[in-house]
Structures are given as structure tokens and as C-alpha cells.
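Let's take a walk through this one, from its aromatic rings to its backbone quirks. Have the model open alongside as you read.

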Amino acid sequence: MTEHPWFAGAATPRVLAHRGLVTPEDAAHGVVENSFAAVAAAQSAGAEYVESDCHLTADGIVVLFHDDDLSRVTGDPRPIASVASRELESLMSERGGLLTLAQALDAFPTVRFNLDVKAAGAAAAVGNLVASHGARVLLTSFSDDRRRAALAAAQAVGRGIRPATSAGSATMVRLLAALAVRSRRGVRAALHGVDALQVPERQGRIRVVSPRLIEAAHSHDVEVHVWTVNDPADMTRLVRMGVDGIVTDRADLALRALR
């Protein structure tokens, strides 16, 4: 399999804590996803990998936050891009604490981060911040352009190992089309420069994860990680199918089921 340090020396199958870990008990106390408390809980549960998301605040700070706006998490309808980091810190103070990307990399030095670049404006800033941490960072995005921009920014700084990366949506479409027509050349081209496929088991009526996809990925030293899987029975079934990682909201349950 791939030799990038993000994958090396870690337990398999990989358990990726989706936006950290928020147990029902933590949620009852107001803790929300992607907060400092959620990432700390994931690490405390034994998760080596944390999947999170990156947005840029009004004052140019990269924060771990999934949505474009604050409405679901805080009840505030404003876009994150219009709110300064100090105000966002106040809004998150009783929800587990705001976590900036810089803080995450510093406060959790043993965690391997899987970072989804959610906003085009955040790509360069994310790349610059992770440049010194490439061995323990995987950069991704639904947009191949955004993930490539973040990778390019990281590599331009030139501080060591490039971050790992997983395929964006356009790359996955090309890969699935190549698999459908059994084009080895198309599969090879789609997987070039990719370390992992991070995908749902199904997308609507389309089955994404299949033995053929897993075999093709593994033949090119690419791992397959499936999101977002919260049922331990489904986790076990997918691992038996051959997938390499499970992205889950319940890393605590996954670690017990798969180790």
C-alpha cells in the first residue's frame, strides 16, 4: 500500500474520527463537532486520525468548521467568512471551544489530520499552515481544484514532505467511468497522484464502493476509506469487503468493533 507517512505505523483498519468525537453525553452538555473538546475526545478514545473541515474567517484565520454558515451549530445565520475569529471564539466558548487549524496542529501533535478544504479562499492558507506537518496531514476536497491549490501552496513553502491527498468528485467520476468500461488506462490516469479514495458506500442509486473499486485502488497502492459509517455491523462488513478505513461520528464504537 501507499508509503506516505500519514499511513505508516498506524493501526489498521484506520478509524477516522469524523469531525472529532461527540458522544450523546457530550452533546447533552453542549459540545459540538469540530470543537476543541470534540478533537480531544477523539484522541482520548484512541483515535489516531481526525477528519475535519477548513473555512476562513473574516480576518483570515483557518478554523475547523464544516458548514458555510453558523446556523446549524450556533443558531447564527451569518456565513463564517463574515465573522472574525474573536467573535467566533466567543460563540463557540460554551460549545466545546473554537479550534483553529494552527491550534489543532500545535495542541494535538500526535494526531494525523484529514482536512477537507471547504472554501476556495481557504486553500492557500491551509496549504501554508500544514506545510511543516505534511507527514501527518491528508488534504482533500470535493473540489479537485481546491485540494490541488492547497497541495500546491504546501509544496511551494518547501518545508518537507508533501501532504497526502484523496480524490475529489471529478476524479471519482472519471474513475467510476473507467471501471465501468474496464479501461485500465483510465483507471491508472484517475488514480495518478492520489493516495486514498474517501467515498460513501453509495451515492443515491449508484454503488460507489465495490470489490472492483477496492481491487483497482489497491493495485495502484491507493487506500479506500468509507464515510460516514456509524453502525458497527456496517463497519465490520465493509472491512471484510476490503476497505482500509472507516470515517465515523462514533470513533469510540468503531475502535471497539474493529480492534
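Is Phe36 buried, partly exposed or exposed? At 34% relative accessibility, Phe36 counts as partly exposed. Keep in mind that this is a predicted model.

## Aromatic pairs

A pair of aromatic rings is described by the distance of the centres and the angle of the planes. Searching the whole structure turns up four aromatic pairs. One of them is Trp6 with Phe7, an edge-to-face arrangement with 4.9 Å centre to centre and 75 degrees between the planes. Trp6 and Phe7 are both buried. Add Tyr49, and ring pairs link Trp6, Phe7 and Tyr49 into a cluster.

Phe36 and Phe108 also form an aromatic pair, this one tilted, with 5.1 Å centre to centre and 45 degrees between the planes. Phe36 sits in helix H2 (residues 36–45) and Phe108 in the loop between helix H5 (101–107) and strand S4 (112–117), so the pair ties together parts that are 72 residues apart in sequence. Phe36 is partly exposed, whereas Phe108, at 3% relative accessibility, counts as buried.

## The two sides of H10

Now rotate to helix H10 (residues 211–219), where Leu213, Ile214, Ala216 and Ala217 are buried. These residues cover an arc of only 165 degrees around the axis, which puts them on the same side of H10. Flip to the other side of H10 and you'll find Pro211, Glu215 and Ser219 exposed.

What covers the buried residues of H10? The cover includes helices H8 (169–180), H9 (184–191) and H11 (232–241), along with strands S7 (196–200) and S10 (223–227). After H10 comes Asp221, which has a positive phi, near 60 degrees.

## Nonpolar cores

In soluble globular proteins, nonpolar side chains tend to be buried together. Here the largest nonpolar core has 59 residues, and those touching the most other members are Leu101, Phe113, Leu115, Val126, Val130, Leu175 and Leu197. Take Val126 as an example: leaving out residues up to four places away in sequence, Val126 touches Cys54, Val62, Leu101, Val117 and Leu139.

Another core, of ten residues, lies apart from the largest one, and its members include Val32, Leu70, Val83 and Leu88.

## Backbone oddities

Most residues other than glycine have a negative phi, and most peptide bonds are trans. Where are the cis bonds that catch the eye here? One cis peptide bond joins Thr12 and Pro13, with omega about -5 degrees, and Pro13 belongs to the segment before strand S1 (14–18). Another cis peptide bond joins Trp227 and Thr228, where omega is about -25 degrees; Thr228 is placed in the loop between S10 and H11.

Then there are the positive phi values. Asn34 isn't a glycine, yet its phi is positive, near 65 degrees. You'll find Asn34 in the loop between helix H1 (24–28) and H2, and at 1% relative accessibility Asn34 counts as buried. Arg182 isn't a glycine either, and its phi is positive at about 55 degrees. Arg182 lies in the loop between H8 and H9, and at 63% relative accessibility Arg182 counts as exposed.

Key
Residues numbered from 1 in each chain as written. Predicted model: local features only at pLDDT ≥ 70, side-chain atom pairs only at ≥ 80, totals over all residues. Heavy atoms only, no water. Phe/Tyr/Trp six-rings, centres within 6.5 Å; stacked < 30°, edge-to-face > 60°. Buried < 20%, exposed > 50% of the residue type's maximum accessible area, 1.4 Å probe, protein only. Helix = DSSP H or I, 4+ residues; strand = E, 2+ residues; numbered from the N terminus. Arc of directions from axis to C-beta. Contact = heavy atoms within 4.5 Å. Core = buried A, V, L, I, M, F, W, Y, C linked by side-chain atoms within 4.5 Å.
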